[in-house]
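Biologist: Before I accept any label placed on this structure, I would like to hear the reasoning behind it. Could you take me through the terms one at a time?

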Amino acid sequence: MGIKRGDLVRAVVPERFGCRGTHVGRVALKASGYFAITTAHSKVTDVPHRFCRLIGRSTGYA
């Protein structure tokens with residue numbers, strides 16, 4: 001998929017999913033194959049990878 005832990009992503013999830021909406025934040029991979037995105041305000045779980053677009057790579061700095 002080309003996305004690693006800590007990368008900055010934008011996820012635009014359609015209405016039929018529980019995590020619907022537009023989310024921008026750091027990504028964490030889950031064993032189930034879905035992503036967890038930590039935004040500035042909250043944490044969004046179970047985001048399918050097909051809705052995520054890479055914005056920036058992780059450099060190791062916060």
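Modeller: Gladly, with the reminder that this is a predicted model. A good place to begin is the aromatic rings, since the structure holds one aromatic pair.

Biologist: What makes Phe 17 and Phe 51 an aromatic pair, and why is the pair called edge-to-face?

Modeller: The ring centres of Phe 17 and Phe 51 are 5.2 Å apart, and centres within 6.5 Å count as a pair. The planes of Phe 17 and Phe 51 stand at 70°, and because an angle over 60 degrees counts as edge-to-face, that is the term used. Phe 17 lies in the loop between β1 and β2 and Phe 51 in the loop between β4 and β5, so the pair ties together parts that are 34 residues apart in sequence.

Biologist: Are Phe 17 and Phe 51 buried or exposed, and how do you know?

Modeller: Buried means under 20% relative accessible area. Phe 17, at 19%, therefore counts as buried, and Phe 51, at 15%, is buried as well.

Biologist: What polar contacts does the side chain of His 23 make with the backbone oxygens of Cys 19 and Arg 20, and how do you know that they qualify?

Modeller: The side chain of His 23, a residue of strand β2, reaches the backbone oxygen of Cys 19 at 2.9 Å, while a polar atom of that side chain lies 3.5 Å from the backbone oxygen of Arg 20. The cut-off for a polar contact is within 3.5 Å, with a donor on one side and an acceptor on the other. His 23 itself is buried, its relative accessibility being 14%.

Biologist: How do you know that there are zero disulfides?

Modeller: A disulfide needs two cysteine sulfur atoms within 2.5 Å. The cysteine sulfur closest to that of Cys 19 is in Cys 52, at 8.6 Å, which is too far for a bond, and a search of the whole structure accordingly finds zero disulfides. Cys 19 is buried at 10% relative accessible area, and Cys 52 is buried at 5%.

Biologist: What place does Cys 52 have in the largest nonpolar core?

Modeller: That core has 13 residues, and Cys 52 is named with Val 13 and Val 47 as touching the most other members. Strands β1, β3 and β4 each supply at least two residues of the core, and the largest share, three residues, comes from β1. Leaving aside residues up to four places away in sequence, Cys 52 touches residues including Phe 35, Ile 37 and Val 47.

Biologist: Why is the contact of Asp 7 with Arg 57 called a salt bridge?

Modeller: The closest N and O atoms of Asp 7 and Arg 57 are 3.3 Å apart, and because the limit for a salt bridge is within 4 Å, the pair qualifies. Asp 7 lies in the segment before β1 and Arg 57 in the segment after β5, 50 residues apart. Asp 7 is buried, with a relative accessible area of 3%.

Biologist: How many salt bridges are there by this rule, and which residues form the others?

Modeller: The count comes to three. Glu 15 forms one with Arg 20 at 3.7 Å; Glu 15 counts as exposed at 63%, whereas Arg 20 is partly exposed at 44%. Lys 30 and Asp 46 meet in another, at 2.8 Å from N to O. Lys 30 lies in the loop between β2 and β3 and Asp 46 in strand β4, so this pair ties together parts that are 16 residues apart in sequence.

Technical notes: Residues are numbered from 1 along each chain as its sequence is written. This is a predicted model: local features need pLDDT of at least 70, side-chain atom pairs count only at pLDDT 80 or more; totals for chains, interfaces and linings use all residues. Side-chain values use heavy atoms; hydrogens and water are left out. Rings of Phe, Tyr and Trp (its six-membered ring) pair if their centres lie within 6.5 Å; planes under 30 degrees apart count as stacked, over 60 as edge-to-face and the rest as tilted. Helices (H or I, at least four residues) and strands (E, at least two) are DSSP runs, numbered from the N terminus. Buried means under 20% relative accessible area, exposed over 50%, partly exposed in between (1.4 Å probe, protein chains only). A nonpolar core is a set of buried Ala, Val, Leu, Ile, Met, Phe, Trp, Tyr and Cys residues joined through side-chain atoms within 4.5 Å. Contact means heavy atoms within 4.5 Å. A salt bridge is a side-chain nitrogen of Lys or Arg within 4 Å of a carboxyl oxygen of Asp or Glu.
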